[in-house]
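Grab a coffee and work through these short exercises with the model open beside you. Try each task on your own before you read its solution.

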Amino acid sequence: MDAKDILGLPKNALPIQEKKSKPPKESQRKPDGISREVYALTGGIAPLMPTIDVNQLKRKAQSENEKITWQWLSFTNSARKDNLQLYHWVRVVNGVPPTGDYSFAKYNKSVDVIKYTDEEYEKHLTHKAWTKEETDQLFDLCERFDLRFVIIADRFPSSKTVEELKDRYYSVSRAIVNARASSPGDVVGHPLIKEPYIASQETDRKRALSLLLSQTKQQERKDVEVLAHAKRITEARKSIKASEEPKVPAISDSGPLGADKDNAADPITPSGQFPSTTNPASEIASVMASLRTLRVYLRTYALDQMVQAASSSAGLRTIKRVEQTLQDLGVNLKPKVPTKAVCAEHLELRKEILTLLNLQKQLQYKEAEGSSFRDGSYSETPGTPPKQQALRAADLDRTFTPDSLNIGGNNIFSNLLDVTFFLALKHLPVISNAQKLLTIL
């Protein structure tokens, strides 16, 4: 009795399954540039990053006739002045060793320290705090240590600070450059003349840096709180000043005598009064206040902001006429050299041209108003009630005098003459300011 009898299985043998022959694996050759251990770990899977050195792709194929050997040869370094001979391994091709200077000699950079003679020292370089021996020793150390003034101060025999050593070196070099120049204009662009060393500024800078680096965390938090409080005060002042400024009154869209939409955007008052300049002045003041908060800004940006503020009460058509007037006078719309004086004259010229154009509009309005009253006095309008049919003979012989020429106790023609006279007087400063601006430019 065996296990098959216990399990109740038939005693016939199971069919023998034929083993399938596996296809032979193709032998893969290890690519160049990959070590054997890395290739065994990856199993031939393509790596994520290229493992072939790019320099191998650019390397030229070695010629069959070239014979490369490595030899232990001596070399000299041009950066050294003692002619020291050292040895290193050198790649030799066909028995011919490489020629030329040492490859690392080009990285040896030295400073060209100015030399002076005894005559130049006695004539230009004498100083009560420095003797000639100390100055000579300073320049020798500067040449030896390549202007590393911290090391120079450590090696200097007398107790001189780094700032004093720097000041003496640069003052002597600057004096020698000026003395050897044929004219002062030849050395204007020299670094020693263009950017002189100032010992007091260097001392203040180091003191401020030391105070900044020695601050504690509590002092830093206090400084941040003070800056935040100052920012809140500035914003509160801005809001108070904005609330105190007068509001600009709305301008009516309807102009006199059927003016078009472009003219309606310009400030023309039907009462004959000239437009007020209080609002542009307040806007210019607010622009200046906002510019002061910026601390740093371009003068051209400030000029553009003030020009917009000055012409804020004018319409688009008036602004275009101002620009056309500037072009007629030969003045650029934006100054080429925006100095403080040029910008002030340019802004004043724009204001006077704007006043001149407003006066011309008032003159046209007065002329149109006078002509309308003259035409309306001799002809009946559709809304006029019918006159009496019976007229007396005395009325027919009486000379006609129109009463509508007097409005509010002011004669229209006298106002017209006043406006014309004021316009003629106001036109003169515009031309004079334009000539002054052209003279400045």
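**Exercise 1. Place S183 and find its side-chain partner.**

Step 1: S183 sits in the loop between helix 7 (162-180) and helix 8 (191-194). Helices (H or I, at least four residues) and strands (E, at least two) are DSSP runs, numbered from the N terminus.

Step 2: Look at how covered S183 is: with 29% relative accessibility, S183 is partly exposed. Here buried means under 20% relative accessible area, exposed means over 50%, and partly exposed is in between (1.4 Å probe, protein chains only).

Step 3: Follow the side chain of S183 to the side chain of D186, where the two make a polar contact at 3.0 Å. A polar contact is a pair of N or O atoms within 3.5 Å; within protein, one must be able to donate a hydrogen and the other to accept it, and residues adjacent in sequence count only if both atoms are side-chain atoms.

A word on the ground rules: this is a predicted model, so local features need pLDDT of at least 70 and side-chain atom pairs count only at pLDDT 80 or more, while totals for chains, interfaces and linings use all residues. Residues are numbered from 1 along each chain as its sequence is written, and side-chain values use heavy atoms, with hydrogens and water left out.

**Exercise 2. Describe the protein as a whole.**

Step 1: Count the elements, and you get 17 helices and 4 strands.

Step 2: Of the 441 residues, 21% are buried.

Step 3: The protein exposes about 34100 Å², with carbon and sulfur atoms supplying 55% of that. Accessible areas come from the Shrake-Rupley method with a 1.4 Å probe; for residues, only the protein chains shown count as cover.

**Exercise 3. Which residues have the most contacts inside the largest nonpolar core, and which elements build it?**

Step 1: The largest nonpolar core holds 23 residues, and Y116, L138, F149, I152, L165 and Y169 have the most contacts inside it. A nonpolar core is a set of buried Ala, Val, Leu, Ile, Met, Phe, Trp, Tyr and Cys residues joined through side-chain atoms within 4.5 Å.

Step 2: Helix 4 (118-125), helix 5 (132-144), helix 6 (149-155) and helix 7 each give two or more residues to this core. Helix 7 gives the most, with 6 residues.

Step 3: Zoom in on Y169. Leaving out residues up to four places away in sequence, Y169 touches V113, L138, F139, C142, L147 and F149 (contact means heavy atoms within 4.5 Å).

Step 4: Now check L147, one of the residues that Y169 touches. L147 is in the loop between helix 5 and helix 6, and its phi is positive, near 60°, though it is not a glycine. At 22% relative accessibility, L147 is partly exposed.

**Exercise 4. Find the nonpolar patch on the surface and the loop between its strands.**

Step 1: Pick out W70, W72, Y87 and W89, which form a nonpolar patch with about 560 Å² of accessible area together. Patches are made of residues with over 30% relative accessible area and no salt bridge: like charges are joined within 9 Å, nonpolar side chains (Val, Leu, Ile, Met, Phe, Trp, Tyr) within 5 Å.

Step 2: Strand 1 (68-76) and strand 2 (85-93) each supply at least two of the patch residues. W89 belongs to strand 2 and is exposed, at a relative accessible area of 54%.

Step 3: In the loop between strand 1 and strand 2 you'll find N83. N83 has a positive phi of about 55° without being a glycine, and it is exposed at 68% relative accessibility.

**Exercise 5. Compare where the partners lie in three salt bridges.**

Step 1: The whole structure has 10 salt bridges (a side-chain nitrogen of Lys or Arg within 4 Å of a carboxyl oxygen of Asp or Glu).

Step 2: E120 pairs with R180, with the closest N and O atoms 3.0 Å apart. E120 is in helix 4 and R180 in helix 7, 60 residues apart, which links distant parts of the chain.

Step 3: R205 and E202 meet at 2.7 Å, N to O. Both lie in helix 9 (residues 199-213), 3 residues apart, about one turn of the helix. R205 is partly exposed at 45%, whereas E202 is buried at 16%.

Step 4: K334 bridges to D304 at 3.9 Å between the closest N and O atoms. K334 is in the loop between helix 14 (316-328) and helix 15 (340-378) and D304 is in helix 13 (residues 299-310), so the pair ties together parts 30 residues apart in sequence.
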